[in-house]
Amino acid sequence: MFGVFRRKVVSGSCSASVIGKSWRRTRPVASINAGCFTSEGEVLRHSRITENVRSICHVTQPGAAVNLRPLRDVMTSLHPCVGMQLQNRMFSSESGDLVDAVVPFMGESISDGTLATFLKKPGDRVEIDEPIAQVETDKVTIDVASPEAGIIQEFVAKEGDTVEPGTKVAIISKSAEGAAVPSKPASSDAVSQPLSTAEKAEETPKPKSETTPVVEKPKPASPPPPKTSASEPQLPPKERERRVPMTRLRKRVATRLKDSQNTFALLTTFNEVDMTNLMKLRSEYKDAFLEKHGVKLGLMSGFVKAAVSGLQNQPIINAVIDGDDIIYRDYIDISIAVGTPKGLVVPVIRNAEKMNFAEIEKEINTLAKKANNGTISIDEMAGGSFTISNGGVYGSLLSTPIINPPQSAILGMHSIVNKPMVVGGNIVPRPMMYVALTYDHRLIDGREAVFFLRRIKDVVEDPRRLLLDI
């Protein structure tokens, strides 16, 4: 016989709040139900032994107010009478003294990652939320944090394993008793006993047996080394080569760049920019700019503002092909290519058309620091309608950048070199920079591309155009 307890209003003028619908019996009832009362006048009916709690129903007692507390509060109030433990931390599972550290949620578009490295060793002491391992994904590196303070007992996963959110990585003991203790060396008595037995066995004389002389067969002559033809190249030995697996970030970058080459009709146009006025502006106002805004005035903010002006004049550069349609973006999100020790990442400056020089410089510095520290998030790299890549910081004089999908163009900056230029009929030295625009020729014609790059040149050479909007 299966019994079902339904909610019941003890007081006629008030209604009970129901958290669960019923307490279900899993065996025939053979014992008397016991009541469990809380401090706020709640009563929970359950069987001490023969019942299996599936859901919870609590009612009000006469003269007690209706309690609308959530399930977690009700479960907490049951601690004096019901042995129940709640999981109070996300991405961790507890079993008494031991706690499991598992891989956290990695993002909407990321389903798995590679366990890159362990930051701790078994037996190390860790604090709560302290990183113990790093998981490398296609875009970012994510830390696996300790859910509780304690001692690392053991690592369940290995470096190089593919892990998913919720995968157990390590077992942590809240107390030092559960920590892994190195095994003691065997006692000298245990070691000496097998040694003495072996020595006795050696001392025992072996029975002599008549041996017949063995006639050795002549060994065949070793074949001469193969002769290499004069035209065959001499390759280096394999011992001087190292094979290292690619990181997930490097594989992702390689895939996207190759897809860009296979999908787009890439074409690059070049121009030359005189940096005299922008560098003079920076030199004159850098101290006042730093004092007021707390950030240095660089050249990137000038090129970002120039790119915004060019995209507003040529909206097709900010558009993209989607199937048989063209998507025109009414916003300007500028992606800035940043080279990190782990690979190339492209954080995004959102709504750059609404930002001034100081806001752009602050955002660039913040994103660059996060990228180099490996703390940048996926949301900070998602999207983007146009990319600027500055190879000049590495000394590049000229290059043809590759479009970052799903964008349609990318601007390449290069190093500044003093060159003799004709100004007013005279040959004078000028700091010059080559700029390159790679664009998708399926969507953008050469006319729009040249006009856009010309706008970049005009604004950088005379920043006053931004103030006058000409």
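**Notes on the predicted model**

1. Start with confidence: the protein chain averages a pLDDT of 76 (the predictor's confidence in each residue, from 0 to 100), and 67% of the residues score at least 70. Over residues 1-91, pLDDT is below 50, yet beyond near neighbours in sequence this stretch has 142 contacts in the model (contact means heavy atoms within 4.5 Å). Residues 178-211 also stay under 50, with 8 contacts beyond four places in sequence. Where pLDDT is low, don't read the predicted coordinates in detail.

2. Some housekeeping: this is a predicted model, where local features need pLDDT of at least 70 and side-chain atom pairs count only at pLDDT 80 or more, while totals for chains, interfaces and linings use all residues. Residues are numbered from 1 along each chain as its sequence is written, and side-chain values use heavy atoms, leaving out hydrogens and water.

3. Now find N404, in the loop between β22 (386-390) and β23 (409-413); strands here are DSSP runs of E, at least two residues, numbered from the N terminus. Is N404 buried or exposed? N404 is buried, because its relative accessible area is 15% (buried means under 20%, exposed over 50%, partly exposed in between, with a 1.4 Å probe and protein chains only).

4. What does N404 touch, leaving aside its neighbours within four places in sequence? The answer is R256, V346 and T387.

5. Last stop, V417: this residue lies in strand β24 (residues 416-423). V417 counts as partly exposed because its relative accessible area is 32%.

Methods:
Helices (H or I, at least four residues) and strands (E, at least two) are DSSP runs, numbered from the N terminus.
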